[in-house]
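Hello,

Here is the structure we spoke about handing over. My notes on its salt bridges follow below.

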Amino acid sequence: MKVKTETNLNDAWYAQCGNENDVALSTKIRLSRNLANFPFPSRLSPGENERIQAILMDAFNKVDGENFHAINISALDKVSSRIMAEREILESELQTEGGIILRNDGRFSGTVNVKDHICMSSYTAGFDIEKTYDKVSSFDDKIQKYVQFAASYDFGYLNSSLLDSGSGMKISVRLHLPSLSLLKKIPALVRECAEDGFILSASFGSGGATAITSLNSSGAALGYFYNLENFSSVSGSEFEQTASAASEIKKIIDMERNARSQVFALLKTDIRNSMKRSMAVARASIFITLREAIDIISMLKFARDLGVLSGIDDEQLHALLYRIQNGHLEFVMKNGSFKYENDFNEKPVRKIEMLRALTLQEAFDNVILTV
């Protein structure tokens, strides 16, 4: 059975080749803005809410109406809300108020009246802060020809959170740090990042020590995937903030690469065992849980980056992190035609786990592990 979560997978931004994508999987930059002369979203009346949506949609239409479409969050079904959260367009699938403005290729999105009147986000595969910032900043400039955002000479852009004022910019880069995790250097790195004004946190929750890998990395993030974000956008210009973030990320990329040979020398047999177990579970399982899938993808990406795995690229592995998520698989199940065994025909969780296993098996069909 062939499984694909979307027909244009190769066109998805997260399936593209990106800079430094052995360590940096993706870059996201969000700009938060509020219209002048309106309260923040939490204090809006129903009439003001509708007025703001109309003003912003009119501005988007004037800038690039053919390539954008608007969605009321309240109109999304559970599967669609889950997908929006999995793609980091919404912070939570439980969000019910506000709207989404989405470009057709998914590389740019905006939320309206959620946290602020408008939060515009640009997405790029790999590590490319300059390109990602240029895209969202250019759109911000175009929008401001038609609307006036609340700003102050002293504080910059005014937002619902003081930490999001100033430039209103949130920089977020997803990192894969297995070597530093296995060497137990993450706690020190978290403290170092905090001193530099950044937050290093788990992308998919905790869970470094799992039954599949059997590696002693308790306290690490699930799959060794982390997000690095700036703590505040108040201090410094946009140039200074992007330059600071780029410097921090380059430092972490170098640290992870330098740690690879060290960790492989110290834990070679354990790492080989974990890679083989990950491949075996992926290829032989009927059901695979989400946590297992993230761990498997991580370990096989680690094998590729160590040069002991071929047959799949880093960008394909990155795309799998989206394709194996619950919402994406629920969409496949909802829109596809599949036959299930009678003993779990009424068990939706099992159906999702089966599709996840099939998705991994299809992706790893030509993979060769040489450890």
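A residue is called partly exposed when its relative accessible area lies between the buried limit, under 20%, and the exposed limit, over 50%. K251 has 25%, so K251 is partly exposed. Please keep in mind that this is a predicted model.

Start with K251, which appears in two pairs. Its side chain forms a salt bridge with that of D196, at 3.2 Å from N to O. This pair links distant parts of the chain, 55 residues apart. K251 sits in helix 6 (residues 238-266), and D196 sits in the loop between helix 5 (186-195) and strand 9 (198-202). D196 is partly exposed too, at 35%.

The other pair is K251 with E248, at 3.3 Å from N to O. Both residues belong to helix 6, three residues apart, or about one turn of the helix. E248 is buried, with a relative accessible area of 5%.

Next, K334 and D77. Their side chains meet in a salt bridge at 2.8 Å, N to O. K334 is in helix 10 (residues 326-335), while D77 is in the loop between strand 2 (68-72) and helix 2 (78-86), so the pair ties together parts 257 residues apart in sequence. K334 is exposed, at 55% relative accessibility. D77 is partly exposed, at 32%.

There is also a network. Salt bridges link E20, D22, R257 and R260.

How many salt bridges are there by this rule? The count comes to 20.

Best regards

Conventions. Residues numbered from 1 in each chain as written. Predicted model: local features only at pLDDT ≥ 70, side-chain atom pairs only at ≥ 80, totals over all residues. Heavy atoms only, no water. Salt bridge = Lys/Arg side-chain N within 4 Å of Asp/Glu carboxyl O. Helix = DSSP H or I, 4+ residues; strand = E, 2+ residues; numbered from the N terminus. Buried < 20%, exposed > 50% of the residue type's maximum accessible area, 1.4 Å probe, protein only.
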